[in-house]
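The following note is offered to a colleague who is meeting this structure for the first time. Its points are numbered for ease of reference.

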Amino acid sequence: MSNGMAAANGPGAEACLVDASVYIFRYYFALPPNWESRAGYSTEAVYGFTNFLLDLLARRPTYMACAFDESLGSCFRNEIYADYKCSRALPDEALAFQLAACREMAEALGIASFASERFEADDILASLTRICCESGQSIRPVIVTRDKDLGQLLDAGAHSLWDFAADQYLDRSAIEGKFGVRPRQIADYLALVGDSIDDIPGVPGIGAKTAARLLAEFDTVEDLLAGVERVPALGLRGGAGIARKLEAHADQIRMALKLAQLHDRVPLDVAAADLAPGPADPEFAIALADELGFGRLGGKIRRVLAQPDFCPGTETGPVTETV
């Protein structure tokens, strides 16, 4: 399904909650190093991310926020499992410059931006979703991401997942079609199959289809472990062996569940009203763009930020510019 904001139509104001790192890395790997800051660092990821934010802002979301990842190696999940995300290298100086510049640009554009050394961007998005849902206002959180694992938020108040760059909208049925489980079961699913990207261990011999079949019978992995003696009778090939594996890996399953579950109580000290795009100084943002080596985006920045008829919540077409 496509046409994200149109597909997400419904009562209430839209809150676009952006999974920033997913898009930063998309542009980091997809764009050539054609832009350079005055400090001598390549800035292709910052250029792509800035374009992306401007196109999103041009649609006039009523609320908008970016969640950045700054917790690699220091996340609370590393206290649960030391090897969590151990295959990921810390960013080198050049990449670290671009990551910091992306957040600086988001703030210059008037977008509420959040990061934590202890919690991941996914946890921040979960917390922002909760804040929007508990605001007492009619707010529809839309998670702007390419990460389908965030589908678990669709059972925690999020209205939809929207990959803005691909203009692809995913609802509960699409997530169920992808994983074979309900959104609220995604963490349980990952506790069984593991997640090689995040170095979350899975149960040997239990793949996607088996995990989905087990979670169709048992609502959670705790229910599964409590009723593991029923597994051989489910008609699964090698059911007795699967039951033995589950029993042998029970502690690992519970640990993996803690790693996969999202924490929605990150201390952000923010209210939903604070997520409205704030007043931004176009000239400051243009100067920053020039400092980062893509001053030719100045016209686009001025058009998006300085339109006299600007009104958050009134959608316009995205502003595009070829450089």
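**Notes on the predicted model**

1. Strand 1 is mostly covered, with seven of its seven residues buried. The model under discussion is a predicted one. Burial holds for both faces of strand 1: Ala13, Ala15, Leu17 and Asp19 lie on one side, while Glu14, Cys16 and Val18 lie on the other.

2. The pairing of strand 1 should be read alongside its burial. Strand 1 runs parallel to strand 4, and six bridges join the two. Within this pairing, Glu14 stands opposite Arg140 of strand 4. Strand 1 also runs parallel to strand 2, to which five bridges join it. Here the bridge partner of Leu17 is Ala65.

3. Helix 6 covers residues 121–133. At 1.5 Å a residue, its 13 residues should span 18 Å, and the end C-alpha atoms are 18 Å apart, so the expected and modelled spans agree.

4. The surroundings of helix 6 deserve separate comment. Of its 13 residues, 11 are buried, and the helix is therefore largely enclosed by the rest of the structure. Among these buried residues are Ala121, Asp123, Arg130 and Cys132. The buried residues of helix 6 pack against strand 1, strand 2 (63–67), strand 3 (112–114) and strand 4 (139–144), and also against helix 4 (77–80).

5. The largest pocket holds about 1,300 Å³ of space. Its lining comprises 50 residues, and those nearest the centre are Asp69, Lys85, Arg88, Ile197 and Asp198. Elements giving two or more residues to this lining include helix 4, helix 5 (93–108), helix 6 and helix 12 (250–260). Helix 2 gives the most, with six residues. By class, the lining of the largest pocket divides into 26 nonpolar, six polar and 18 charged residues.

6. The second largest pocket has a volume of about 290 Å³. It is lined by 20 residues, of which Gln152, Ala156, Arg184, Gln261 and Leu262 are the closest to its centre. Helix 6, helix 8 and helix 10 (221–226) each supply at least two residues of this lining. The most come from helix 8, which gives three residues. The lining of the second largest pocket has nine nonpolar, four polar and seven charged residues.

7. A final remark concerns helix 6, which recurs in several of the points above. Helix 6 gives two or more residues to the lining of the largest pocket, and at least two to that of the second largest pocket. Its buried residues also pack against strand 1.

Methods: Residues are numbered from 1 along each chain as its sequence is written. This is a predicted model: local features need pLDDT of at least 70, side-chain atom pairs count only at pLDDT 80 or more; totals for chains, interfaces and linings use all residues. Side-chain values use heavy atoms; hydrogens and water are left out. Helices (H or I, at least four residues) and strands (E, at least two) are DSSP runs, numbered from the N terminus. The expected span of a helix is 1.5 Å times one less than its number of residues. Buried means under 20% relative accessible area, exposed over 50%, partly exposed in between (1.4 Å probe, protein chains only). Contact means heavy atoms within 4.5 Å. On a 1 Å grid over the protein atoms alone, a cavity is a set of points where a 1.4 Å probe fits but cannot get out, and a pocket is an open set with protein on both sides within 12 Å along at least five of seven lines; lining residues have an atom within 4 Å of a point. Grid points are joined across faces, edges and corners, and a volume is the space filled by probe spheres set on the points. Ala, Val, Leu, Ile, Met, Phe, Trp, Tyr, Cys and Pro count as nonpolar, Asp, Glu, Lys and Arg as charged, and the others, Gly among them, as polar. Two strands pair if DSSP finds at least two bridges between them.
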